[in-house]
Amino acid sequence: MEREDTARDSRPAEQRKSFKRGDARRPPQVAALVVGAAFLLVGVLGFIPGITTGYDGLEFAGHHAGARLFGVFAVSILHNLVHLLFGVVGVLAARKRAASRVFLMVGGGIYLLLWIVGLAIPQSSPGNFLPFNVADNWLHLGLGVGMMALGVFTTALERKAGDYPEPDLQHQ
């Protein structure tokens, strides 16, 4: 039984790679798994005293939280939970090639939006409820660009290897 990705491929069957259950993960899946695992790790580390400085200042949410992951990044319980949720989504998305791309591209877009929000909202504002600081804003920019670049780069790798069919433009 062919996967949906190869069913749209116009190449003869002998030229297509057959990917069955148990085959190695594709590049976007590996990228989504690594990014998801990193978010899970950061989410857990945010709850560990010592790795998170000012741990006694860890609050559920709000700009008053004094906790800093690695002494640099502002965190709260809600912020850590968001990292854990993002990590779970990334790990689950890594199960499917298309979901991996969506996670990388949409997740990257979300982080670019968080970067813009972080720039627009003053750090001492009640709107800064996750909370963000300057280091978080720079990290969000890097994550957004990096995740989107991974989505594009891993797709390009697959297409170059002939593992992913080009869009069928003849039927438009």
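In which loop is Phe-70 found? Phe-70 sits in the loop between strand E2 (68-69) and strand E3 (73-74), one of the sites shown in the views below.

The structure is a predicted model, in which local features need pLDDT of at least 70 and side-chain atom pairs count only at pLDDT 80 or more, whereas totals for chains, interfaces and linings use all residues. Residues are numbered from 1 along each chain as its sequence is written, and side-chain values use heavy atoms, with hydrogens and water left out.

**View 1. The overall arrangement of the protein combines five helices and three strands.** Helices (H or I, at least four residues) and strands (E, at least two) are DSSP runs, numbered from the N terminus. Read from the N terminus on, the elements follow the order α-α-β-β-β-α-α-α. Of the 172 residues in the protein, 36% are buried, where buried means under 20% relative accessible area, exposed over 50%, and partly exposed in between (1.4 Å probe, protein chains only). Among contacts (heavy atoms within 4.5 Å) between residues at least 6 apart in sequence, 64% join residues at least 24 apart.

**View 2. The loop residues Ile-51 and Phe-70 are in contact with one another.** Ile-51 occupies the loop between H2 and strand E1 (52-53) and, at 29% relative accessibility, counts as partly exposed. Leaving aside neighbours within four places in sequence, Ile-51 is in contact with Leu-45, Arg-68, Leu-69, Phe-70 and Gly-71. The C-alpha atoms of Ile-51 and Ala-67, which are 16 residues apart along the chain, are separated by 10.0 Å. Phe-70 is likewise partly exposed, with a relative accessible area of 48%. The phi of Phe-70 is positive, at about 55 degrees, although this residue is not a glycine. Most residues other than glycine have a negative phi.

**View 3. Aromatic rings of Phe-39, Phe-86, Phe-103 and Tyr-111 are linked by ring pairs into a cluster.** Rings of Phe, Tyr and Trp (its six-membered ring) pair if their centres lie within 6.5 Å, and planes under 30 degrees apart count as stacked, over 60 as edge-to-face and the rest as tilted. A search of the whole structure finds four aromatic pairs. One of them joins Phe-86 and Phe-103, whose ring centres are 5.5 Å apart and whose planes stand at 50 degrees, so the pair is tilted. Because Phe-86 lies in helix H3 (residues 77-93) and Phe-103 in helix H4 (residues 97-120), this pair ties together parts that are 17 residues apart in sequence. Both partners are buried, Phe-86 with a relative accessible area of 13% and Phe-103 at 6% relative accessibility.

**View 4. The largest nonpolar core has 11 residues.** A nonpolar core is a set of buried Ala, Val, Leu, Ile, Met, Phe, Trp, Tyr and Cys residues joined through side-chain atoms within 4.5 Å. The members of the largest core are Ala-31, Ala-32, Val-35, Phe-39, Phe-86, Ala-93, Ala-94, Phe-103, Leu-104, Tyr-111 and Met-147. H2, H3 and H4 each supply at least two residues of this core, and H2 gives the most to it, with four residues. Apart from this core lies another of six residues, among them Leu-58, Ala-67, Leu-69 and Val-75. Within the largest core is Ala-94, which touches Arg-25, Gln-29, Ala-32, Leu-33 and Ser-100, not counting residues up to four places away in sequence.

**View 5. His-83 and Gly-87 are found in helix H3.** His-83 counts as buried at 9% relative accessibility, and Gly-87 is buried with a relative accessible area of 0%. Beyond neighbours within four places in sequence, His-83 is in contact with Phe-39, Leu-40, Val-42, Gly-43 and Tyr-111, while Gly-87 is in contact with Gly-36, Phe-39 and Leu-40. Computed along the sequence in residues, Gly-87 and Ala-38 are 49 apart, yet their C-alpha atoms are 7.0 Å apart in space. His-83 and Gly-46 are 37 residues apart in sequence and 9.1 Å apart in space, C-alpha to C-alpha.

**View 6. The second largest pocket has a volume of about 220 Å³.** On a 1 Å grid over the protein atoms alone, a pocket is an open set of points where a 1.4 Å probe fits, with protein on both sides within 12 Å along at least five of seven lines, and lining residues have an atom within 4 Å of a point. The volume is the space filled by probe spheres set on the points, which are joined across faces, edges and corners. Of the 14 lining residues, the closest to the centre of this pocket are Ala-38, Phe-39, Val-42, Leu-139 and Leu-143. Helix H2 (27-45), H3 and helix H5 (134-161) are the elements that give two or more residues to the lining.
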